[in-house]
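Trainee: Got a minute? I'd like to go through this model with you.
Mentor: Sure, put it up and ask away.

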Amino acid sequence: SDVCSSDLTGVSGNFLGSDGIREFKVESNAYSAEFGRGAGGIFNLATKSGENAFHGGVFEYLRNDNLDAKRWETNKLGARDDSGNAIKSPFARNQFGGSFSGPIIHDKTFFFGLYEGFRERRGQTIQSVTFTQAARQTPGIDPRAAQYLPLWPLPNGEVRGQLGDYVFDYSTPVNEDFYQIRGDHHFSESDSFFMRYSFSNSKQETPFSFPEYTNKFENTNHFVTVEDTHIFSPMFLVSFRGGFSRTNPLELSQNPEVNPALLFNPAFPQLGAIVITNGPSSIGNGTTGGGLTNNSFQYVADARYIRGAHSTKFGFNWNTIQFMGWLPGRDAGDYTFGSVANFFAANSSRFRGAISAAYNDAYRSMSQEINGLYFQDDFQVDRKSTRLNSSHT
């Protein structure tokens with residue numbers, strides 16, 4: 001069998017590609033020595049391979065909100081559409097895909113491929129706080145603060161002095177696609193080889209404080225596995241496996257275009273964050289985004305030897321991990337104000353951000369190697385009991 005990475009999930013957190021799973025096993029305790037590095041649960045997934053006959057199938061799953069009631073939270077907040085009707089948060093989830101497998105050379109070479117798509121639109125009602133019209137007309141507002149006031153929408157809910165509720169409904173889109181192809185070849189009765197490639201791409205947008213401000217998440221994953229298994233004798237078997245994985249999570253801020261004069265740092269064309277303690281919900285986003293590229297190279301050799309009452313296995317694992325990140329810290333900048341009065345007076349308590357693009361080196365990288373050797377011997381004392389001797393370094 002082959003071991004898949006547990007990193008195959010996308011931004012939705014759903015595991016796609018289950019139609020290609022032949023065997024699923026969880027090691028919760030009393031691990032074999034080969035899993036000695038694991039501190040929690042170990043998940044082993046063996047994927048399907050092709051056979052001498054052609055097989056295929058398609059599927060589709062749909063769930064929507066046609067029979068759903070309005071959410072309690074939505075009713076409580078009193079959210080209304082433009083016609084004054086109570087809002088019913090939309091929801092739709094669609095999963096679809098299929099698989100196809102068969103022979104390339106009878107009794108020798110086989111293929112297996114699958115695709116699965118995931119689409120979701122989940123609505124949610126969000127309550128934010130904004131400035132009332134009366135607050136915007138407060139005498140003595142510093143012009144530097146006044147120019148930012150139009151960026152807060154007028155309240156459409158309960159009003160409390162200078163502040164009021166802004167309630168809006170937002171449908172979070174999630175799109176994911178998963179592909180997998182596997183090829184198997186039998187060189188002889190004692191020598192077999194397989195190669196598998198998996199690819200997934202997922203995207204999601206989530207709301208921030210107001211509809212105009214969102215965060216966009218993307219995640220692209222590549223996984224390649226090759227394995228050769230050779231049976232030297234009925235008592236001795238050796239397998240060699242190589243794997244490569246690349247994960248690319250990315251987060252980007254989506255802000256509306258504003259007058260360039262309102263930008264905190266002209267080098268970054270995005271409105272930074274304005275945070276007011278005990279005031280309205282913040283606007284803007286101090287960080288333009290961030291992304292990672294994680295590469296993992298893995299080489300594994302396993303041997304199994306059975307003689308008499310002894311069943312012995314041993315091997316090694318070499319894993320190289322490369323981490324390359326683009327992680328800017330508040331490059332667009334953010335201002336913090338201790339109160340609404342301090343904001344109106346343009347008296348900030350803190351500013352955090354890049355001084356200029358030249359001082360915003362957001363690129364970081366590192367690499368790590370993890371090597372391990374293991375040995376395990378199971379001795380069958382009698383038919384009812386087994387003695388285990390194992391070690392791992």
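Trainee: Which residue does the side chain of Arg 144 meet in a salt bridge?
Mentor: Asp 142. The N to O distance is 3.1 Å. Keep in mind that this is a predicted model.

Trainee: Is Arg 144 buried or exposed?
Mentor: Exposed, because its relative accessible area is 53% and the cut-off is over 50%.

Trainee: And Asp 142, buried or exposed?
Mentor: Asp 142 counts as buried, because its relative accessibility is 16%. The cut-off there is under 20%.

Trainee: How many salt bridges does the structure hold?
Mentor: It holds 11. One of them joins the side chains of Asp 184 and Arg 182, at 2.8 Å from N to O. Both of those residues are buried.

Trainee: What about Arg 352, which residue does it form a salt bridge with?
Mentor: Asp 334. The closest N and O atoms are 3.7 Å apart. This pair links distant parts of the chain. Arg 352 sits in strand 15 and Asp 334 in strand 14, 18 residues apart.

Trainee: How accessible are Arg 352 and Asp 334?
Mentor: Arg 352 is partly exposed, at 28% relative accessibility. Asp 334 is buried, at 7%.

Trainee: Which residues are linked in a network of salt bridges?
Mentor: Arg 93, Glu 120 and Arg 122.

Trainee: Back to strand 14. In what sense does strand 14 pair with strand 15?
Mentor: Antiparallel, over three bridges. Thr 336 has Arg 350 in strand 15 as its bridge partner.

Trainee: And how does strand 14 pair with strand 11?
Mentor: In the parallel sense, over four bridges. Strand 11 covers residues 273–276. Its Ile 276 stands opposite Phe 337 in strand 14.

Trainee: New topic. Does Glu 116 count as buried or exposed?
Mentor: Buried, and it has no salt bridge. The nearest side chain of opposite charge is Arg 119, and that is 9.6 Å away.

Trainee: Why does that rule out a salt bridge?
Mentor: Because a salt bridge needs the nitrogen and the carboxyl oxygen within 4 Å, and Arg 119 is 9.6 Å away. As a rule, side chains of opposite charge can pair when their charged atoms come close.

Trainee: Then which side chain does Glu 116 make a polar contact with?
Mentor: The side chain of Gln 95, at 3.3 Å. There is a backbone atom to look at too. The backbone nitrogen of Gly 17 lies 2.9 Å from a polar atom of the Glu 116 side chain.

Trainee: Where is Glu 116 placed, and what is it in contact with?
Mentor: Glu 116 is in strand 5, residues 109–131. Leaving aside neighbours within four places in sequence, its contacts include Leu 16, Ser 18, Phe 59, Phe 96 and Phe 178. Glu 176 and Asp 177 are also among them.

Trainee: What comes between strand 4 and strand 5?
Mentor: A loop, and Asp 107 lies in it. Phi of Asp 107 is near 65°, a positive value in a residue other than glycine. Asp 107 is partly exposed, with a relative accessible area of 47%.

Trainee: What is phi of Ala 346?
Mentor: Near 55°, so another positive value in a residue other than glycine. Ala 346 lies in the loop between helix 4 and strand 15. At 28% relative accessibility, Ala 346 counts as partly exposed.Trainee: Now strand 12. Which strand forms a hairpin with strand 12?
Mentor: Strand 13, with two residues between them. Gly 308 in the turn has a positive phi of about 60°. The two strands pair in the antiparallel sense over 17 bridges. Arg 304 has Lys 313 in strand 13 as its bridge partner.

Trainee: How many bridges join strand 10 to strand 12?
Mentor: 15, and the strands run antiparallel. Leu 252 stands opposite Gly 289 in strand 12.

Trainee: Last one, the overall picture. How many helices and strands are there?
Mentor: Four helices and 17 strands. Buried residues make up 40% of the 393 residues. The accessible surface is about 21400 Å², with 54% of it belonging to carbon and sulfur atoms. Take contacts between residues at least 6 apart in sequence: 69% of them join residues at least 24 apart.

Terms used
Residues are numbered from 1 along each chain as its sequence is written. This is a predicted model: local features need pLDDT of at least 70, side-chain atom pairs count only at pLDDT 80 or more; totals for chains, interfaces and linings use all residues. Side-chain values use heavy atoms; hydrogens and water are left out. Buried means under 20% relative accessible area, exposed over 50%, partly exposed in between (1.4 Å probe, protein chains only). Contact means heavy atoms within 4.5 Å. Accessible areas come from the Shrake-Rupley method with a 1.4 Å probe; for residues, only the protein chains shown count as cover. Lys and Arg count as positive and Asp and Glu as negative; His and the chain ends are not counted. A polar contact is a pair of N or O atoms within 3.5 Å; within protein, one must be able to donate a hydrogen and the other to accept it, and residues adjacent in sequence count only if both atoms are side-chain atoms. Two strands pair if DSSP finds at least two bridges between them.
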